[in-house]
Amino acid sequence: MGDHSHGSPQESGTVAKAQDDSLDKIQDPGLPPHRARLTDTDPRAAKRAERQVAILFAISMIGTVLFFVGYFAVGHPESIAEIRLQNMLLGSGTAFAMLGIGVGIVHWARTLMPDHEIAESRHEVRTEEGRQEAEEIVNTIVDESGISRRPLIRNSLIGALALAPLPGIVILRDLDLTKASASEIVDRLRHTMWDKGVRLTRDPSGTPIKASDVQIGSAFHVIPDGLNETEDPLNEKAKAVVLLMRLNPEDLNVSPEREDWHHDGIVAYSKICTHVGCPVALYEQHTHHLLCPCHQSTFDLTQECEVIFGPAAHALPQLPITVDADGFLVAQSDFHEPVGPGYWERP
Amino acid sequence: MKALSQKRRHPLAAVALLLMGLLVTGGLYAAASSVNEAQAASAYSASDVEEGNKLFLANCATCHGMNAEGTDAGPSLIGVGAASVDFQVGTGRMPMQMQGPQAQVKPVQFDDEQVQQLSAYVASLGAGPAVPEAEYLDTSLGNSGQGGEIFRVNCAMCHNAAAAGGALTRGKFAPSLEGVEEKHIYEAMVIGPQNMPVFNDSNISPEDKRDVITFLKEIEAQGSPGGAKLGSLGPVSEGLFVWTAGLGIIIAFTIWLTSRPS
Amino acid sequence: MTTDTVYQPKTKTGRIADFVDQRTGASGMVKEFGRKIFPDHWSFMFGEVALYTFVILLISGTFLTLFFDPSMAHTTYDGSYNPLKGIGMSVAYHTSLDISFDVRGGLFMRQVHHWSALLFVASVSVHMLRVFFTGAFRKPRELNWVVGSTLLVLAMAAGFTGYSLPDDLLSGNGLRIIDGIIKAIPVVGTYISAFLFGGEFPGTAIIGRLYMLHIMLVPALILLMVAVHLFMVVVHKHTQWSGPGRTEENVVGFPVGPVYAAKAGGFFFIVFGVVAAISAFFTINPIWNYGPYDPSPVSAGTQPDWYIGWADGALRLMPGQLWDFSFDWIIPFPWGDNLLAMGVLVPAVVLVALLGGMFVWPWVERWITKDDREHHLLDRPRNAPFRTAVGVAGVVFYCVLWAAASSDLIATHFHVALNDVTYWLRALFFLGPILGFIIARRIALALQRKDRDIVLHGREAGIIEMSPEGAFTERHEQVDEYKLYKLTAFESPEVLPAQADRAGHVTRSEKLRGSVSKFFFEDRVAPVTKSELEEARSHHGHHAVEGHDDKELEQ
């Protein structure tokens, strides 16, 4: 039906194509002659194919039996090796069961079913008469409903339809199960569990850390004291995790307002990447680089964790720390800025 | 300190130091510092130290200096302890073939005795982490569940959750831990080789280190329940596999299915 | 209905069939579909692979729901996997482990489900590539292309929601990345994150919500779209390669009953068998390695499944800071400062643009070529060099992002620096598609010229002949008339300069269209015409091959 609607809808007949004069085209010789298969001409070959198909179906049956062997003979596995064995038996049993049927059927179709290509003509997706009839029907419907003659009804209906879905959106407000107000939703991103005097403890044991425990070159994964006793430990942990490292104090370039944020070269930084929130947990003790394994943002510990590579766009927040009377490391306060990735209300 | 370090050059200094070390060891044990047990090598004999010194001069001094005081090409080894030597030399990382982002694992250049002698020599230079005791390497005493938890918090970000290794910045990498000896895993935690942070005994106690080793050895021994591991590299190798082998097999079937038999 | 002419079936099967037919009119369906013709070519099978893997997903997924509990309540592991004994975890992760270790065949079903999910999205992608490169999306199939593109997006959504369900460390970190991306959305991001997670990340709601999406909403939408997709295939009938006997007006192939039904039906079992074989011998998503989700740990090599990889790669390539310039833009508003996290937003926009480009391409091509005719014959990719080049550029672009998602693994496996890999891929992000476009177009044009050569001068027979004068030539064999037709039955669009509209104006968009048309169609190879062929054949024997070395030898 190719050529009856030439050109774009706006400018008909403008399509450019080669060899519009079809006289000079090489002629279609028509479907090539059918070539007989061995199974079409040789009854023995056909018989052989028939047997092969049956063998394939038999293999499928053996596969199903193999599945049962794996299931019942291995039983409830006692070790990883047995699970592996069972998985292999169940899997290969299923594979044989399925492939036997599939390959058998296809082999049957390829060798024994007729392979004459048949041409079928296409129909127009849309006929002109059909279009006209449909148009008439639509016009009748519109006319009988009177919607175009009675604009008051139409417009008030549009208004009602526009308003009616709104409750469906509003009712989703309590998807946030915390009953937090809009400002609380934003505000809680600014606060973590850290506060003046909260001890730094080891993750996951929760035991406090003495300043003398931290030697140069070591890295401690830290959670705030009491985290495991909170109501939602994972929520608190997702914001409060900290990486504690000790450097030679001379290696640190400390800005004036952060002079007392470290204790004798022991520094604590948020472990939550400022890119999209993965834990920035890879510490290289000689280069003093912190690397995020998710998207490779790299932070320089000696430069107050400025970004030196990768997609993060701002430095990791530092947790001001000091030691308490017993020599344990404690926070001086919460972080001075929100931890983690940037968001609209962050500045 | 300066006077002391000059006297160290005296041939007898090493022996004297060793004796001193032996005397101090007991005291140090009693003190049980919360940092690494900074023990000198109680197991090393004077001849070990002497042989070690010879080996050191022949193989290591070019980079680390005649008295292991360090040069531009290599760090000082005073106070790094026997564990460092046992790890670096025992895994073939030292002597280094060439300077690079980090020392690579190679076939070990020395036999066990020589490694021990070198360790003895370096241990004699100053107190540092010792080669771990067998008790802390015995995986039958460890708890793999707890070890796994410690491993995930402290190690998995570099070494991968299945200990298959991972990349660090600028050509450095955290190696796979498969097939690494228990002793070397322990030593690596204690000394923090290359850019690895130090996990001293106050951070991860010797018992916890044993748990980590137990976990690693258990997952290594049991293999994957689901079949071939595809390198334990996660979704990337799985995706590659499905695009190559998976789709490859499917395409082979489609070609067979739509072809005409002869 | 008159009762005296009632048909009386003779066999038992016949009676059942008649019973059903009288109540459903099934005979009409049989008439319509029983001998419907489908063309046969291996590249037409990928849609079926997608459909079949989806069926396998439904079967294996249903099994998994019987044992999986999407609760994020805290529990302690007491199952049989030793290295996790006594560890605190969510019920979701616990039941995922139970499926793997304490339900016989559970691990197999998990692996079948996950492998077929990867294969599902892969086969959808390959199917779309086939449709794109052969021009099968052209009128009247544009809407079906849109339905197919929607299916690709739904497939990725199904995959991602499923990836997150086991609540292991890997999927939890994936969710955390999603949370970070959502928070970057201007104005509403913070709230969407709060609504999605039911409060702060990670909360206790997300797994249950994703579970609902994964087992109900997304599969229902996929099923709906599959139904629409297949309905449209029936309406349009399948496209076919051009060749002898194949025209725009017919469809040549095998009837549904029995050949096509047998092959297609058998193929389902083959696909299932292949997935089962892979699941028997290859681990996928070893959740027991990753441990339970906890916001503190992370594993090296944290990557999404392959079909989300390109998004992850885009996030990795985007620099957050260029020297002192940060891509966290602080925008001063009268009410205070707000932040635009461009480091996250730019990659997101790039991804949406690529997906959007895929959706609208049929209209773009139609606008450039002004071709509003129906097309049922496929283009060989070489015969549409412009489209092939665009497609290759898109594929290269995708692959660069894909490679970027595994930059750390490239670094460790090829012993190069991670940072260098990123720098190279950043360069390739821009250069790769351009090079891909140029090279693909040149290759396509070269292949077209080779086809012309074969038509005019025959195929190289691989036989070297020495003439009495001592010159060496390769014998060329004429191709038969069927091959001849196959190699010449294509259209080669020409440049269509900007056209004036009825008022005589050439609009700016029309000028743009004209220059795009010039860019795409300036270089073209036309099919050999009958007169050209006759010309070449009449010379045959004297000048065996025009423009070949032997011509010079003869002189």
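These are my notebook entries on how chains A and C meet, and on the domains of chains A and B.

**Entry 1: what I am looking at**

I'm working from a predicted model, so I keep that in mind for each entry below.

**Entry 2: the A–C contact**

I began with the question of how many residues chain A and chain C each bring to their contact. Chain A puts in 107 residues and chain C puts in 138. Next I looked up the area, and about 10,100 Å² is buried between chain A and chain C. Carbon and sulfur atoms give 62% of that. Which three residues of chain A supply more of its buried area against chain C than any other three? I found A:Ile26, A:Arg122 and A:Trp344, with 10% of what chain A buries there.

**Entry 3: charges and polar pairs between A and C**

I then went through the polar side of this interface. The rule finds three salt bridges between chain A and chain C. I picked one of them to look at, the pair A:Glu117 and C:Arg246, whose side chains meet at 2.8 Å, N to O. For polar contacts, the rule finds 37 residue pairs across the interface of chain A and chain C, both residues at pLDDT 80 or more.

Which elements of chain A give two or more residues to the side that touches chain C? My list has helix 2 (43–73), helix 3 (80–111), strand 1 (118–121), helix 7 (182–187), helix 8 (233–240) and strand 9 (306–309). Helix 3 of chain A gives the most, with 19 residues. I also sorted this side of chain A by class: 57 residues are nonpolar, 30 are polar and 20 are charged.

**Entry 4: a sheet built from two chains**

Strand 1 of chain A was on that list, so I followed it up. It pairs with strand 5 (residues 250–255) of chain C, antiparallel, over four bridges. I checked who faces whom: A:Glu120 is opposite C:Val251, and A:Ala119 is opposite C:Val252.

Zooming out, I see an open sheet of three strands, in the order 1(A)-5(C)-1(C), paired antiparallel. Why do strand 1 of chain A and strand 1 (37–38) of chain C each have one side without a neighbour in the sheet? They stand at the edges and each has a single partner strand, so one side of each is left free of a neighbour in the sheet.

**Entry 5: domains of chain A**

For chain A the domain assignment gives domain 1 as 38–115 + 129–173 and domain 2 as 186–331. I looked up how far apart they sit, and their C-alpha centres are 52 Å from each other.

**Entry 6: domains of chain B**

Chain B also has two entries in the assignment, domain 1 (39–125) and domain 2 (134–224). Here the C-alpha centres lie 23 Å apart. I found 13 residues of domain 1 of chain B in contact with twelve of domain 2 of chain B. About 1,100 Å² is buried between these two domains, 55% of it from carbon and sulfur atoms.

Which residues of domain 1 of chain B lose the most area to domain 2 of chain B? They are B:Asp86, B:Phe87 and B:Gln102, together 48% of what that side buries. B:Asp86 came up again when I turned to charges: its side chain meets that of B:Lys183 in a salt bridge at 3.2 Å, N to O. The rule finds one salt bridge across this domain interface, and four residue pairs in polar contact, both at pLDDT 80 or more. By class, the domain 1 side has five nonpolar, six polar and two charged residues.

Methods
Residues numbered from 1 in each chain as written. Chains lettered and ligands numbered in written order. Predicted model: local features only at pLDDT ≥ 70, side-chain atom pairs only at ≥ 80, totals over all residues. Heavy atoms only, no water. Contact = heavy atoms within 4.5 Å. Buried area = accessible area lost by both parts, 1.4 Å probe. Salt bridge = Lys/Arg side-chain N within 4 Å of Asp/Glu carboxyl O. Polar contact = N/O pair within 3.5 Å; in protein donor to acceptor, adjacent residues only side chain to side chain. Nonpolar A, V, L, I, M, F, W, Y, C, P; charged D, E, K, R; others polar. Pairing = 2+ DSSP bridges. Domains from an automatic or database assignment.
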